Amino acid sequence: MERPALYIVTGTSRGFGEALAALLLEQPGTRVLALSRQVSPALQARADAQGAALEQWPVDLRYGAAVARRLAQWLAGQPARWREVCLVNNAALLPARIAPVSESAADDIDDVLRVNLHTPLQLTAQFLRSTEAWPVPRKVLNISSGLARAPMASMALYSAAKAGVDQFTLCLALEEARKPFGAKVCALAPGVVDTGMQQQMRDTAEAQFPDAARFRFLHASKRLMPAAQAARKALDLLESPDFGARPLAELRQGAAAAPPKAP
């Protein structure tokens, strides 16, 4: 019987993260540790129905060091018997009010950088330290964004954090490649996915977010990728034997990847 795999996924209470965790639970023997600001009843119901191993932690991902310490204690109690172990840094946060930098609240700046960049760094560092001696393949998948790679007004906080995720993934790939059994790492931009973050962007007035009409256009023309479809593509990448061959990757769905400017 094949050994089970262990997946640690952040941001699983809704959207892409919840969809990805649901797919993972369908795989026999898989164990999922879900870290999010609140538990997902739907995810728990799915796990119970399938007899799958799911553990959910309601945690505040603005405080990455504390969550990383708890993760270290948990991993110390796990046997190194897995087929593979994977960390998926998916949790993300837009500012409460999308706005130019000059109008951004100090708390928004702190929260966006903490959740989107600081905590993924903290969790990744602890994950790698805690599993360094495990004789199993290790993977880190960081969920990035197209906004990390293309500038947009009023998106400086989110874009800067996600660009940081890209760069830390590139550096990490070089570091792990120097080790005999280093982890495979990748930062994936999933494209325009139908999530609550997309709704927040299209609900913002153009006076605050000049590209809001573009996101309303994407939604109205049905060019958003369903979260379940994006999660399936991400899982295919994660399970590919070539995972990590390119530290930066992206999902695209036809014209949705480069929509025209809305008039």
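## A tour from the paired strands outward

Begin by selecting strand β5, residues 138-143, together with β6: in this predicted model the two strands run parallel and are joined by five bridges. Within this pair, show the side chains of N142 and A187, since these are the two residues to inspect next; N142 stands opposite A187, the latter belonging to β6. Then extend the selection to the whole of β6, residues 184-189, where five of the six residues are buried, leaving the strand mostly covered.

From the strands, move to helix α4, residues 106-131, and pick out F127, which is found in this helix. Is F127 buried or exposed? With a relative accessible area of 0%, F127 is buried, and under 20% is the cut-off for that term. To see what surrounds the side chain, select the residues that F127 touches, leaving aside those up to four places away in sequence: they are I8, L75, V85, C86, L87, R138, K139 and V140. Among these, R138, K139 and V140 fall within the residue range of β5, 138-143, which brings the tour back to its starting strand. C86 is another useful stop, as a distance drawn between the C-alpha atoms of F127 and C86 comes to 9.0 Å, although the two residues are 41 residues apart along the chain.

Next, select helix α1, residues 15-25, of which nine of the eleven residues are buried, so the helix is largely enclosed by the rest of the structure. Colouring the buried positions of α1 will pick out F16, G17, A19, L20, A21, A22, L23, L24 and L25.

Finally, zoom out to the entire chain, in which there are eight helices and seven strands. The radius of gyration is 18 Å, close to the 18 Å that the globule rule gives for 263 residues, so the chain is as compact as a globular protein of that length. Along its principal axes, the C-alpha trace spans about 55 × 35 × 35 Å. Buried residues account for 51% of the 263 residues, and, of the contacts between residues at least 6 apart in sequence, 73% join residues at least 24 apart.

With a surface representation switched on, the view is of about 12200 Å² exposed by the chain, 55% of which is supplied by carbon and sulfur atoms. If the charged residues are coloured as a last step, there are 30 positive and 24 negative charges to find, and the mean positions of these two sets are 3 Å apart.

Conventions:
Residues numbered from 1 in each chain as written. Predicted model: local features only at pLDDT ≥ 70, side-chain atom pairs only at ≥ 80, totals over all residues. Heavy atoms only, no water. Helix = DSSP H or I, 4+ residues; strand = E, 2+ residues; numbered from the N terminus. Rg over C-alpha atoms; globule rule 2.2 N^0.38 Å. Buried < 20%, exposed > 50% of the residue type's maximum accessible area, 1.4 Å probe, protein only. Contact = heavy atoms within 4.5 Å. Areas by Shrake-Rupley, 256 points an atom, 1.4 Å probe, with all protein chains shown as cover. Lys, Arg positive; Asp, Glu negative; His and termini not counted. Charge placed at Lys NZ, Arg CZ, Asp CG, Glu CD. Pairing = 2+ DSSP bridges.
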